[in-house]
Amino acid sequence: MSRAGAGGFSRRAFLGVLGGAGLGVAGCRATDEVAGQLLRSGARLPRPFTVPLPIPDVARPVSPGRYEVTQRVAAAEILPGLRTEVWGYDGTFPGPTFELRRGEPVTVSVRNELPVPTSTHLHGGVTPPGSDGYPTDLVMPAGLTPRPAHPGEVHHPLVKEYRYPVGQRAATLWYHDHRMDFTAPQVWRGLAGMALVRDEEEDALPLPRGERELPLMICDRAFEEDGSFRYPQPFDAPSPGHAPPSGHDAHGVSGANGVTGTDGGHGRHGPPGGWGRLGGDYMEGVEGDVILVNGAPWPVAEVTATRYRLRLLNASNARRYLLRLTPGGRFTQIGSDSGLLAAPVAHDEIPISPGERYDVVVDFSAYPVGTAVTLVNALAGGPAGNVMRFVVTRRAPDDSRVPAVLSRPPQRPRPVVTRLFDFRATDGAWTINGQRYRPGVPLARPRLGTAEVWRLTGDFRHPVHVHLAHFQVLARNGRPPAATDAGWKDTVDVRPYEVVDVLVRFDGHRGTYMLHCHNLEHEDMAMMADFEVI
Ligand SMILES: [Cu+2]
């Protein structure tokens, strides 16, 4: 297929040779660890560590348990002096942070004032299927009623009410767009935010809190000369061969990203609608050259010489990071994707792939006052090698600590079956078990209340995300998992030709859910599958 250009596949072929030869990572890290193609900015970029770290607003309920969020176009100053048009929840990027409590259900009414359909997924949420952000369960902008492009596609005019029981343990969740074929460009434009679940178990711990608890959404972007987001898929061009359905011109949305995509086939019918324009070079995924934290480029935060809790989220489309502190320092991990660990684990470095979260404590009292402590990405050279900086400004009292026992996570249940899910490129698309995504055609039917071993393999770097069901990493290539694999998770990085066994438990709800690659370009290029909890 033409999209599978030589440029996009040469490195993968190379990796295939490596993997087949059974060579280790040592000595080829730079090649092996990178998961996308770099897209350079045209804009003048700011000096790192000059923009203050923003903290997203906390979402406010309009009444107890009810939130109303409007997705809309807005202008943001991301690069100093330039204007970036963002598509944001409440017009902000990141969107507002939701503060949720276990046992307190909420309804979030999402109103879509963007020019494109959307679907919102609470990543890590134990959510009923109707509110899980299924990719063809779409909130349509006013006046936009294209004919359905996928089997079973559902259109909600203007507003959808998402119901979240919040019956789960305290954890760092996030929410983002999940629209069929267009998740990558729509998240790139700004549709992502964080959601923190708290509970009594966590309340009882003497962890840093208040101003010493920082949500840190890390992602990369590229910018045009004028400050707008740069992305290889034109936002405003129809995809070839697909005329927009009639009637859109009157609403000013003709040709906007995604309206045409509703006409684009998927699965059996050929390449996804939006991807005809992307080209093989970016099939591996899109990486920007600007690292944003909470929407600010390489920001700086002043901290006291005390402990801080950092909720690290990799919200990038394709970029992986190996996070370290310079001039040295340790992360004390207290939580994983799905909640607190049983006991803290110390790390010198943290690998974080798209979709993953690490809840860590950093003790800045270990540094002399005046020290600049930089969070770096050891996987990248150049500008993307920096993430953000903390400057230790003064001493301060600190009654926080990290207890030796943090929580009592659920035990590992005994698995009833083992299933294989193989993530690889097949005939110019990203596939699971050789199949392009087919909505409504589940690849597995696990039973509610049971657990299964899912054996994950692939040809490339694929951060595998499972909706609804949380899992523990049992083994990598038959060996014990890494220290950074600890805890219950919902996303795991699968390396080329690696075999990752995870123990998945199916709790909470019956219905149709998905597993997919969280490299968003791979996801849009069909690397998704349904499973049905029965
Ligand atoms: Cu992938």
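The legends below describe close-up views of a predicted model.

**View 1. A copper ion held by two histidines and a cysteine.**
The copper ion is coordinated by ND1 of His-462, SG of Cys-517 and ND1 of His-522, at 2.0 Å. Along the sequence these donor residues follow the spacing H-x54-C-x4-H. His-462 belongs to strand β30 (residues 462–466) and Cys-517 to strand β34 (residues 511–517), so this pair ties together parts that are 55 residues apart in sequence. His-462 and Cys-517 are both buried.

**View 2. Aromatic pairs around Phe-364.**
The whole structure contains 16 aromatic pairs. In one of them, Tyr-308 and Phe-364 meet edge-to-face, with 5.5 Å from centre to centre and 75° between the planes. Tyr-308 is in strand β18 (residues 307–314), while Phe-364 is in the loop between β23 (357–363) and β24 (372–377), so the pair ties together parts that are 56 residues apart in sequence. Phe-364 also forms an aromatic pair with Tyr-367, and this one is tilted: the centres are 6.1 Å apart and the planes are at 40°. Tyr-308 and Phe-364 are both buried, and Tyr-367 is buried too.

**View 3. An aromatic cluster of five named residues: Phe-421, Trp-454, Phe-506, Tyr-513 and Phe-531.**
The rings of these residues form one aromatic cluster.

**View 4. Arg-221 over two aromatic rings.**
The charged end of Arg-221 sits over the ring of Trp-188, at 4.9 Å from the ring centre. Arg-221 also lies over the face of Phe-229, where the distance to the ring centre is 6.0 Å.

**View 5. The largest cavity and its lining.**
The structure has 7 cavities of 30 Å³ or more. Rolling a probe the size of a water molecule over the atoms shows where empty space is left. The largest cavity holds about 120 Å³ of space. Its lining includes Val-69, Tyr-89, Phe-98, Leu-100, Val-108, Val-110 and Thr-120. Leu-122, Tyr-164, Tyr-175 and Ala-195 are also among the lining residues. Strands β4 (98–101), β5 (106–112) and β6 (120–123) each supply at least two residues of this lining. Sorted by class, the lining has 10 nonpolar residues, 1 polar residue and no charged residues.

**View 6. Pro-354 and His-465.**
Pro-354 is found in the loop between β22 (350–352) and β23. With a relative accessible area of 1%, Pro-354 is buried. Pro-354 and His-465 are 111 residues apart along the chain, and their C-alpha atoms are separated by 9.4 Å.

**View 7. Two cis peptide bonds, before Pro-94 and Pro-327.**
Most residues other than glycine have a negative phi, and most peptide bonds are trans. The bond from Phe-93 to Pro-94 is cis, with omega near -5°. Pro-94 is in the loop between β3 (84–89) and β4. The bond from Thr-326 to Pro-327 is also cis, with omega near 10°. Pro-327 is in the loop between β19 (321–326) and β20 (331–336).

**View 8. Positive phi at Val-166 and Tyr-497.**
Val-166 is not a glycine, yet its phi is positive, near 50°. Val-166 is in the loop between β9 (159–164) and β10 (171–177), and is buried, with a relative accessible area of 4%. Tyr-497, which is not a glycine either, has a positive phi of about 60°. The loop that holds Tyr-497 runs between β32 (491–494) and β33 (500–505). Tyr-497 is partly exposed, with a relative accessible area of 35%.

Definitions and conventions: Residues numbered from 1 in each chain as written. Predicted model: local features only at pLDDT ≥ 70, side-chain atom pairs only at ≥ 80, totals over all residues. Heavy atoms only, no water. Donors = N, O, S within 2.8 Å, 3.2 Å for Na, K, Ca; no water. Helix = DSSP H or I, 4+ residues; strand = E, 2+ residues; numbered from the N terminus. Buried < 20%, exposed > 50% of the residue type's maximum accessible area, 1.4 Å probe, protein only. Phe/Tyr/Trp six-rings, centres within 6.5 Å; stacked < 30°, edge-to-face > 60°. Lys NZ or Arg CZ within 6 Å of the ring centre and 35° of its normal. 1 Å grid on protein atoms, 1.4 Å probe; cavity = no way out; pocket = protein on both sides within 12 Å on 5 of 7 lines; lining within 4 Å. Points joined across faces, edges and corners; volume = space filled by probe spheres on them. Nonpolar A, V, L, I, M, F, W, Y, C, P; charged D, E, K, R; others polar.
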